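Trainee: Can we go through this one slowly? I'd like to see where the labels come from.
Mentor: Sure, let's have it in front of us and take the terms in turn.

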Amino acid sequence: MKKQILICLIWIGVTTLTFAQPPSYDQKLGEDGAKQIATTIGLYEEEELTAYVSEVGNRLTRQLNNNPFVYQFFILDEPIPNAFALPGGYVYVTRGLLALIDDVDQLACVMSHEIIHVHRRHSVRQMKRGFWPAVLQLPGLLIGAVAGEDVGQIINTPIAVGSSFFEAKYSRKHETEADDLGVQLATRGGFDPNALSPILARITQWEEARTERVEEKNYFSSHPYTPDRIQNLNDATAGLTVQLNEMHQQSILDVLSDLPFGENPDKGIFFDSLFLHPVMDFSMVFPSGWTYINQHNAVGAMNETKDAFLFLMLADTAKSPEQHGIEVIERAHNLNKKVKSESVQVNNRDAFLISTVEQVDGEEMHVHFIWIQYGDQVFKITAIRSEDFKEGLKQASLSLHPLTPSDKARLYQKRLTLVESVDAESIAELTARTNNVLSPNLLKILNGLPADEDSIKGTVKVVSERPYFDENSDD
């Protein structure tokens, strides 16, 4: 049998399920999924922007009839433009989507689409057909009880947090219904329903330019073809009239200014095999040439054949490395499993090492855990491979150290910045004046400009880049 650590994800949906489930069923599914999202992807929790998104959502949900759910609204710390909803009222938009938005109507229309998916219980309806949003696929157990639940969850979580992870496999009928009822909901909430079409087109343009793949539609890749959707939306909004609400008195750009753009260095960044985390002040080198994984609760790497993993996560700081190790030893003894253990030093830091062998599909997997006292934190590094990987764990552990001045010099942050154009200046002139780091094409898409437009007027969104650490600061 082929050596694999990853096992098939457990599908929640089963073909025998009927739609007779009560709303509490949706709420439980959504609650479980929301916990997984928070621990793996992570939320962007800037207070003012989060409150703004929630206000938009609450204005929309107040217009729902016979609403059985309590809705909650979140921003994902994720650069890809996206939005999705979990059953029971959990609605998400990403930083990447917010960066593309020009006005509150565009945000409201995207959110109203997702709210309709929840309100009409489209996810639960799809379960009858054996489909389920990929974001709610639950990870299976990995390599037995000794490894621990956290290990299984990290390794089995989708590695590429891109379009396929967020993709909800709704039927075309459900997508059309979410579009049609969504623009009606936006209208009742005091938002312009005609704003959905331009943001759909912009998301598609951005992803095509970013990926250089015309057929990759990202957020709406499982939806009907975008030009067809836009035509259908034109028909759906033709008879709608709206009285705009007071949220239009403030530009959404005011709360989007200084939004992190692209990868957020606060979560740590890979430079090839070198991982730097400026907030937690550590650097670590992972095996070269592997696939690198940076989640909210762990960072690690996987080899090409997917039979080897190495990753780091935080452990409970209330326990010493030795106490963590003793807990695993006791659990292993209760399961009649043999482990080897020893207290060690890693760069003059207290550490505790445990090694064991697990069975996966009839194959032996060598598993090593090491807990390292790192200042006030305790790091847990796990190495798993079908052949002994103790040396790999040793090399990675010894590479762990605080950021050096050269490490810090490599770290930059990109921010969404608002500037005013000068006398209808050209794109090239504005880029030079503002130190914008986006290409002309991406800058045009970001601001909703036609591809053949060479000048720009008014308030403009640009992306600036600056050192993460102040050159005059020791922090």
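**Where the labels come from**

Mentor: The chain has 16 helices and 15 strands. Keep in mind that this is a predicted model.

Trainee: How much of the chain is buried?
Mentor: Buried residues are 53% of its 475 residues. As for contacts between residues with a separation of 6 or more, 69% of them join residues 24 or more positions apart.

Trainee: Let's try the helices. What makes helix 4 and helix 8 oblique or perpendicular to each other?
Mentor: Start with the value: helix 4 (residues 104-119) and helix 8 (residues 172-188) pack at an angle of about 125 degrees, and their axes are 8 Å apart. Roughly perpendicular covers 65 to 115, and roughly antiparallel starts over 145. The angle of about 125 degrees fits neither range, and therefore helix 4 and helix 8 are called oblique.

Trainee: Which residues make that contact?
Mentor: Helix 4 brings C109, S112, H113, I115, I116 and H117. From helix 8, the residues include H174, E175, L181, V183 and L185. Sorted by class, the contact of helix 4 with helix 8 holds eight nonpolar, five polar and three charged residues. The crossing of helix 4 past helix 8 is right-handed.

Trainee: And why is helix 9 called roughly antiparallel to helix 10?
Mentor: Helix 9 (residues 196-211) packs on helix 10 (residues 226-237) at about 175 degrees, with 9 Å between the axes. The cut-off for roughly antiparallel is over 145, so that label goes to helix 9 and helix 10. The contact uses L196, S197, L200, A201 and T204 of helix 9, together with T226, R229, I230, L233 and N234 of helix 10. Those residues divide into five nonpolar, four polar and one charged.

Trainee: On to sheets. What makes strand 1 and strand 2 edge strands?
Mentor: Look at the order: three strands form an open sheet as 1-3-2, and the pairing is mixed. Strand 1 (72-76) and strand 2 (83-86) each have a single partner strand, so each has one side without a neighbour in the sheet. That is why they stand at the edges. The twist from one strand to the next averages 20 degrees.

Trainee: How do you know that strand 2 and strand 3 pair?
Mentor: Pairing needs at least two bridges. Strand 2 and strand 3 (residues 90-94) have four, in the antiparallel sense. F84, for instance, has Y92 in strand 3 as its bridge partner.

Trainee: What packs on this sheet?
Mentor: Helix 2 (residues 47-61) does, touching strand 1 and strand 3, with its direction at about 140 degrees to that of strand 1. Helix 1 (residues 23-40) lies across strand 1, strand 2 and strand 3, and runs at about 30 degrees to strand 3.

Trainee: What is the order of the strands in the sheet with strand 5?
Mentor: The order is 4-5-6, in an open sheet of three strands with antiparallel pairing. At the edges are strand 4 (269-271) and strand 6 (282-285), each paired on one side only. Strand 4 and strand 5 (residues 274-277) share three bridges, and I269 stands opposite L276 in strand 5.

Trainee: What makes strand 12 mostly covered?
Mentor: Count its residues: nine of the 12 in strand 12 (residues 363-374) are buried. Strand 12 also pairs with strand 13 (residues 377-385) in the antiparallel sense, over nine bridges. I372 stands opposite F379 in strand 13. Strand 12 and strand 13 form a hairpin with two residues between them, and G375 in the turn has a positive phi of about 65 degrees.

Trainee: Last one. Why does L403 count as buried or exposed?
Mentor: Buried means under 20% relative accessible area. L403 is at 9%, so L403 counts as buried. L403 is found in the loop between helix 13 (390-399) and helix 14 (405-409).

Trainee: What is L403 in contact with?
Mentor: Leaving aside neighbours within four places in sequence, its contacts include L276, P278, F282, L411 and F469. P278 is 125 residues away from L403 along the chain, yet their C-alpha atoms are separated by 7.4 Å.

How values were computed: Residues numbered from 1 in each chain as written. Predicted model: local features only at pLDDT ≥ 70, side-chain atom pairs only at ≥ 80, totals over all residues. Heavy atoms only, no water. Axes fitted to C-alpha atoms, helices over the stretch in contact; angles between N-to-C directions. Parallel < 35°, antiparallel > 145°, perpendicular 65-115°, else oblique. Left-handed = near helix turned anticlockwise from the far one by under 90°. Contact = heavy atoms within 4.5 Å. Nonpolar A, V, L, I, M, F, W, Y, C, P; charged D, E, K, R; others polar. Buried < 20%, exposed > 50% of the residue type's maximum accessible area, 1.4 Å probe, protein only.
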